[in-house]
Each structure stands twice: as C-alpha cells, then as structure tokens.
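User: Could you take a close look at one part of this model for me? I would like to understand one chain first and then see what lies beside it.

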Amino acid sequence: MSDFINQRRRKVRVHVTLQLLLMLWIVWVINVWAFHDSVRVDWSQGATMEVTADDRQLLAALPRAVDVLVPLDLDPSAAGRVRARVLTQALRWLDELSHSAPQSLRLPISVDVNRAGERWEVLRAQRGLEADAVNRIHFFCGDQRLSLDVDDLALIREPSPLEPEQLARIEVDRVRESVEAALRQVVREQLTEIRISQGSGEPPLRGARGASLVTLCDDLEARGARVEGVDLGLDDGLPADTDLLIVVGGGVGRFEPLRASVSRSIDRHLEAGGGVLVLLPSTGICGWEETMAAAGISVLPGLVAEISPLPGGVTRASYVVTGTRFDPFHPITASLARQRTMVRFTPSRSLQVTEPATALLATGPGAWLEREPGSPRRQRQETPAPQIVAAAAQVGAGRMVVVGNWNTVLPGSWRGDARRFLLACSDWASGRNLLPAGAGREPVSHRIELDERLRRSFFWTSTAILPGCALLGGLLVAWARRRDS
Amino acid sequence: MSRIISLTRRDLLSLFVSPVAWTIIFVFLLVMGLTFHLSLLGVDGDLRQLVAATYGGLVFWFMMLVIPPLVSMRALAEERRLGSLEMLMTTGVSDSSVVFSKWLATWVFFLLLWICLLPLWGLLSTVGRVDVGVLFSAYLGVAMVGAGFCATGILASAVTSHPLASAGLATAMNMGLFLIHWLRFLYQPGDLELRWIDHFSAVHHLGDELTRGIFDLRIPIWWGTFTILMLFVTTKVLERRRW
C-alpha cells in the first residue's frame, strides 16, 4: 500500500513538473510573439509620438543602420530647461522610431557629459566629435555624420532685453520633421559640396573663432556638407562637383567684376541645377551685379535704416535692421512666416526685385533707405518701407538667393532666427532641403498657473481632506463593529 | 463564476472590516497626497509631466513594491494558520477558484487605493487641461503591474503560513522584478538583450511608456502572462497538500 502511494506521489510530481514546464513554455512563446509583433499606440493628446505609415516607410527605406548619439550639457536656467525638454522629446521620438525598426535605427545613446565624463570622452574619440559638440543630436551612418541643433528641432522664444518678463517657451515644435529630414540626409551616399568664395578682404574659413567663418562651416558640415574655399579672383572657375556656392561679402568694396571664364563657369553651374547664395557687402559692389540682374535682383545704393525700440521705451534711428515680413509661399520662408521670426542685420543693403525673382524678407514699416549713409535720420523724400533685404530666384534649373548683408555669418551673430533663415536659404539653394517647408506645430500647453490660492487648496486637499476621509471611514467601521459585537 | 464572485466579495469585506486595511489606505493617501503636491510644485504646474512625476518616482515605486504584499500577506497564510482553508476546500470550491478570488480581492483593493487619488486630478482639471489619455494609460500601467505584484503576493502567501514571512517573500520577489531594469546598464543600445530587458522591466513600462501615453501591446501580454503563471504556480502549491 505504501509503495503504491509513493508511486502515485512520484507520478503526480512528474505531472506537476511537466505542467509547470508547459506553462512556462506557453508564457515564453506568447512573449516571443509579442516581442516581435507588437502594436504601439500613442494615447496622449495630439499623439505626437505616433509612428505613422510614412515613418515606417522611411525607416524601411534606410539602406544602412543609423546610430544616434546625444551628448547633454544643459544649464539649469529657465531657457536651459526648455532646451532640455526639446532634446528629451527628440530622444523619445527617436526611441519610438527605433522601436519600430531597431535594425535600421539603433536606440539613441544619451550621455551627460558632466556626470559621465569618461564615457563621453570614449564616445567622442570613437566618433571623432569636437569637445563642444554637445546638446546636439548626432546621426552616424557609415562615415557620414549629421548633427541637429536644438534650434533645428524647435523654435524657442527666450527673454530679451525688450521683453525681460517673457518666459522661455517652445513656440513651434518641429522635432519629428527635423529628425525625419536628418535621417533622409544622413544615409545619402554623396555629401553636399559647398564652396565658399574667398575674395579679397573676406574672413578666413577656419582660424580664430571671432573673425572667421568657422561656425558657419561647422554648421554646414554638421548638416552633411563638405565645405571648401574657392578664390574666384585667382581660380579659373568653380569645381564641377559644386552643389552650392556661397559668396560672403564678395570683396568688401574692392572686388573686381568676375572674369569672363569665372562668369561662364557660374552660368554653367546654375544651368546644371547648382545654387548660389550671395551675402552682400555693406558698401560698394560685390562683382555679382550682372549675374544678379539676370536673375531679376538688383542692389540699391545706400543702407537701410530703421527706428528700433530700446529698453526703457525709447526709440532710436540706426542701421540695425530687422526683417519681419516673410514670403509665406516660398519654400525657404513658408515655415518662418508663421513663427514670428525676426532676422536682424547690422547693416543691410536694400534690394529691388523683378520677375523671376521674389522678395523673401522685408523690413517692417519703420525702415527707410539712406542713400548717403551717415547719421540716420528719416526724411519725407526718402524711400518708404518696407525695404527688401533678401530675395530668391530660380535661374534656369539653378537657384540664387541674395541676402542684404554678410556679417550675420560671423561667429558672434550666427545664432537664433538669423542662423535658421540663412541655413534654410543654403538648404534651398543647394537643392537639399534639410528643414522641410511649412513644418512644425504649436505644442499644446498643459501648464496651470500655480497661484497661492490653488497651492493652498491643493495642499490641504491632498494631505488632509483625502487621508482624513480614509481615517473617518476606518473609525466608522470600527464603531460599527463595536456596536454589532 | 458565482462562487468566485461570492468568494471575492467575502474576501473584500473581510479586508474592509480589518483596521489594517484602513491604516494602509490612510498612510497611502497621506504619503501619495504629499508626493502629488510636491510633484506639482516640482514640475511647475505642467500637468503632463505631473503624471510621469507622480506615477514614476521613488515614493510611487515604494508603494508599488510594498502595498501588494501587505494586502495579500493574509490571503492564504492566515486561512491556513487558522485552519479555515481546509474548511473552505470541503465546500466543493476548486483550488483555482480560491486562488483566483483571493488574487481578485487583493487586486481590487489595490486598484481602489489608486482610484482614491483621482479626486486630485479632478481638482486640477477645474483649473487646467489634464491629458486624459496619458492619465488613463498610467492607470492602466498601475493596474497591470499591480496585477503581477499581487499575484506574487498570493504565491508567497500560499508558500508560508506566517503573514509577515509572506509579505517579506513577496516584497523580495517584487524587488527582483523591479531590479531587472538595472540590468540594462550592462548592455549597449541595439543589443537584443537590452530589448528583452525592456520587455520585462516594470520601470521601463511605466516610466518610459505608459506615463507618457504610449501603450505597447507587449506590456499587457507580459504582465497578463506573468500573473497567470504566478496564479497557476499558486494553485499547484495549494494542490501540494493532496500529494
């Protein structure tokens, strides 16, 4: 009898062990299936993290795996916190995309350069990044690298001397669009070839940061371009592989008109679909007058002056000009037109446009043209506002953009809206739109005003009324039990 | 089914007439209420960030790890210690029904605790825009992870006849599940192991996904299958007395 019971026990143990193993196997199989074929939905308002069919198509079309590195070094100020929020949102979006196609887009690596300095140094050496390449999203695909700045991801309004009480806030969120554009760009086999015209009197491409074009070059290279200098005064023409020629200043008044051979090579460049971005000198000629005239753009003599507000409610006439009126239909300015963007020039030339050119950017009503620059003073006979400070034209298959002044590309001025506008110009002129037109959305705010009354009422509700109800319930139950017993 | 419902009702009633349950509710609301208030100040009134701050902070995880074992510790251990479990079994109720109803009662009580915090969201919705989708997904996460943690509590309660030992064992098991998340620092982004760790990590599910409004089908599948597995093992532990 005892043997029989022991035998039954052994059998039951084997059966139970087998049942447990079978259960474990079922759980494992179900989870493996879910791991490979899952469904993700964004239930938040606006569904900003919803991966659409277009996004999946983009990821599926990536020919090689893309790695992403985000080194963070954020300051604790209000503006720093807003910038951190933009980067965090971008990281989350990259996470979402990576969940959809982990083989095409690897999970982004974020590293706090202050807390994990050694790790940052290792990653920096591996990827060949500069020491100050922080607070950017770096995309890597093979040897290609492309970086997005916070300003590319969102339009952030920060307090200014004129509006010191203004809170730093995100005005337009374009994280999705910028990441998408960066992914498209980074997997391209060919780099965008950009030549910067090195005429006489121009600042050098590299060198001391204050008086060179080093930040412009860094930004263009971070966006997937190869930047080299070209001396149109000495060279016979443009290299054939040039996608975009940027003319900075054009000689600051001492530039000779282009030689015939150079003119011919630029005509060929434009006919072949290349682009030219001319940043005008403050005075004199730039040597490009004929080419610009053929595109319908001419430069008026003199400088634009404007009455600008100063802190304390006073105003002053000066050559500091703010371009505020954007062409809402042009690909360069369509998105900027909706975003209260302001591009400041110190100073700017005035342009006149005829067909086929279009005015990209003009001043507000307080500007006029000073034909003989001296101390600016508005007089009745002077040309009324608005003054055109940037224009663009399609020349055959090529594209030309002319901007009223070149100073903006110097490191001290290369930031904010001016940087965004000029990068949009170079993107359009090179035919590689990194920042898509019309992109972005206003973020939905879920912030409430925490006034004293709300704080007090919320504090008492959360720490006294709710727990007090529980205490009262417990006491009632205790009283009822005592009564029943 | 009617047996399960009546057993669950009986267990819930026995929970609500005990002073332990009311003490748990009081302490829970006091601590979470204070956390809620401090989080609101910390996120400077941003109600979307408040969801992640309230349902993803240290205090939240402390509550998630400790409350289910405290509620479930007496479920089977106390019945066994008092000998009432044998009496229950003689009424013809199956082991699985007993286990399921005990788990259901624990889980419903656990959910009620978190539902008690909803009036605070109601108060905030009178002055601002609460993202209902994000709040709903966060509560769904609390319910799913809580179901798993309650199931480990029931299993621990079945293994031992001492309620405190059961609570300690369940907390240790929940802590193990919670600590899975930190294995991710051993791997690099892109590693398959990392993705599997994220698949099992409660911290990842709540902190990175559900409190941001992202619902992934993997989460209910993992926590659902885990809960069923734990309840199945508990049933087998109860059946052990027959062999």
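Analyst: Let's begin with the radius of gyration of chain B in this predicted model. A compact globule of 243 residues would have a value near 18 Å, and chain B comes out at 19 Å, so the two agree. You can picture the outline as a box: along the principal axes, the C-alpha atoms of chain B fill roughly 55 × 45 × 30 Å. Inside that box, 48% of the 243 residues count as buried.

What is chain B built from? It has 13 helices and one strand. If you walk from the N terminus, you pass twelve α elements in the order α-α-α-α-α-α-α-α-α-α-α-α, then the β element, and then a final α. The contacts tell you how the chain comes back to itself: taking those in chain B between residues at least 6 apart in sequence, 78% join residues at least 24 apart.

Now turn to chain A, where there is a sheet to follow. Four strands make up this open sheet, in the order 3-2-4-5, and their pairing is mixed. Strand 3 (109-112) and strand 5 (144-149) of chain A are at the edges; each has a single partner strand, so one side of each is left without a neighbour in the sheet. From one strand to the next, the twist averages 20 degrees.

Look along one pair in that sheet. Strand 2 (residues 67-72) of chain A runs parallel to strand 3 of chain A, and four bridges link them. One spot to find by eye is A:Pro71, which stands opposite A:Val111 in strand 3 of chain A. A helix also lies against this sheet: helix 6 (residues 175-186) of chain A packs on it, touching strand 4 (136-141) and strand 5 of chain A. The direction of helix 6 makes about 165 degrees with that of strand 5 of chain A.

Two other helices of chain A are worth your time. In helix 5 (residues 150-153) of chain A you will find A:Asp152. Is A:Asp152 buried or exposed? Buried, because A:Asp152 has 27 C-beta neighbours inside 10 Å, and 20 are enough to count. Its C-alpha atom is 23 Å from that of A:Leu123, a residue 29 positions away along the chain.

Helix 1 (residues 2-36) of chain A has 35 residues and reaches 51 Å from its first C-alpha to its last, close to the 51 Å expected at 1.5 Å a residue. Helix 1 of chain A is hardly covered, with one buried residue among its 35.

Technical notes: Residues numbered from 1 in each chain as written. Chains lettered and ligands numbered in written order. Predicted model: local features only at pLDDT ≥ 70, side-chain atom pairs only at ≥ 80, totals over all residues. Pairing = 2+ DSSP bridges. Axes fitted to C-alpha atoms, helices over the stretch in contact; angles between N-to-C directions. Contact = placed C-beta atoms within 7 Å. Buried ≥ 20, exposed ≤ 12 C-beta atoms within 10 Å, placed from the backbone. Expected span 1.5 Å × (residues − 1). Rg over C-alpha atoms; globule rule 2.2 N^0.38 Å.
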